[in-house]
Amino acid sequence: MSRNDGDGEEDSPKPDDKSTASISSAAHEETTQVNALNGGLEPGNFLHIDHKPRLLLMGLKRSGKSSISNVVFRKMAPHETLFLETTTTIRKEAMHSFMDFQVWDLPGQIDYLDPEFDAESIFGGVGAMIWVLDAIDNYMEPVSRLTETILHLQHSYPDIKYSVFIHKVDSLTEDFRDDTMRDVRQRITDDLYDAGLENPPITYYGTSIYDHSIFEAFSKVMQGLVPQLPTFEALLNTVSASCKFEKAYLFDVYSKVYIASDTTPIDMKAYELCADLIDIIVDMSEVYGWDRGKDQQETDPSKAVASQSAESFVSNIKGYHLYLKEINRSAL
Ligand SMILES: Nc1nc2c(ncn2[C@@H]2O[C@H](COP(=O)(O)OP(=O)(O)OP(=O)(O)O)[C@@H](O)[C@H]2O)c(=O)[nH]1
């Protein structure tokens, strides 16, 4: 697919044009609902059946956890989240990409630090925890709940990586957003320092479901769980250098989370355009696509890179040329 903007630009990229490759994985999602109570979370049952890195979405009620999960993994329109009901069960989203992830949305009303609670069933095997903090609400309680949680878990589960999504920042002015982010960060750092934990492994992101910030933040968190990240980055560096791309991403098409990118700085405008292009391609393939014998592709690497894979080129959109090429795990 290509487009000429009418000012004489040709469809093919020129060396000095901005070209961005988004290389996307064939992936699909599945969702399982499980009972949040201990009885429904027996280790060895579904928890440890496979060793997919697990990512937990935690935070107080109404902070926005389910909205994030629905917008990123189920393509829910952001305004539809206004009608979401309180989550009472753990919701699992599985992402089958170059690496299989599980994302668990934990109900806000359960006290996971209760000694009666079977912590191993939730936190055993967790790679990363995202703490969703509502930036437009009083954040004293979520900050103290987060620090309690980290202090409680740090000895038994020292490998968990923590991220704080300072969420709903679309409702804040830019200045207030920066102040809020600084303040939240300072409070968490101070509280943990007072409790004896210096330099906690926490990363902070300002997020909103109403723009691409949530996808960008999720991508960064996921990348922290990809052991092959340096290899992917090196491969993407090679692709960029050989093809004279300004930036190359490896996307999971269904979530628009990028598993890796080359090591040049992220250009948010280019990322947003790539994400929009993926939306268009996925929507069009749902209308005009055909069954491509997925199983055969998965098992036969030579067929995986055959001509049936999706490919798209968009010329000179806001000064960028976008090239999308579908690959899947067996092609690597
Ligand atoms: N302005 C704004 N509102 C948001 C955002 N994300 C979520 N919301 C709203 O926040 C409200 C609560 O969202 P939920 O996703 O149900 O919150 P939750 O954390 O899952 O709540 P529980 O299920 O009770 O634990 C909804 O009305 C959402 O529309 C955001 O980025 N910006």
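I began with the cavities of this predicted model, and noted that about 90 Å³ of space lies in the largest cavity. My search of the whole structure had turned up 1 cavity of 30 Å³ or more.

Next I looked up what lines the largest cavity, and wrote down M58, G59, L106, P107, G108, I110, D111, Y112, L113, W131, R145 and T149. Sorting the residues of this lining by character, I found 7 nonpolar, 3 polar and 2 charged. I also checked which elements contribute, and saw that β3 (54–59) and α3 (140–153) each supply at least two residues of the lining.

I then turned to N70, which I placed in helix α1, spanning residues 65–73. Is N70 buried or exposed? I entered N70 as buried, because its relative accessible area is 3%, and the cut-off for buried is under 20%. Leaving aside residues up to four places away in sequence, I listed K75, M76, L84 and R91 as the residues that N70 touches.

My last entries concern the ligand, which has 21 residues around it, and of these I recorded K65, S67, T81, T87 and D170 as coming nearest. For K65, I found an N or O atom of the side chain 2.7 Å from an oxygen atom of the ligand. For T81, I likewise noted a side-chain N or O atom at 2.7 Å from an oxygen atom of the ligand. I looked at S66 as well, where a polar side-chain atom lies 2.8 Å from an oxygen atom of the ligand.

Methods:
Residues numbered from 1 in each chain as written. Predicted model: local features only at pLDDT ≥ 70, side-chain atom pairs only at ≥ 80, totals over all residues. Heavy atoms only, no water. 1 Å grid on protein atoms, 1.4 Å probe; cavity = no way out; pocket = protein on both sides within 12 Å on 5 of 7 lines; lining within 4 Å. Points joined across faces, edges and corners; volume = space filled by probe spheres on them. Helix = DSSP H or I, 4+ residues; strand = E, 2+ residues; numbered from the N terminus. Nonpolar A, V, L, I, M, F, W, Y, C, P; charged D, E, K, R; others polar. Buried < 20%, exposed > 50% of the residue type's maximum accessible area, 1.4 Å probe, protein only. Contact = heavy atoms within 4.5 Å. Near = heavy atom within 4 Å. Polar contact = N/O pair within 3.5 Å; in protein donor to acceptor, adjacent residues only side chain to side chain.
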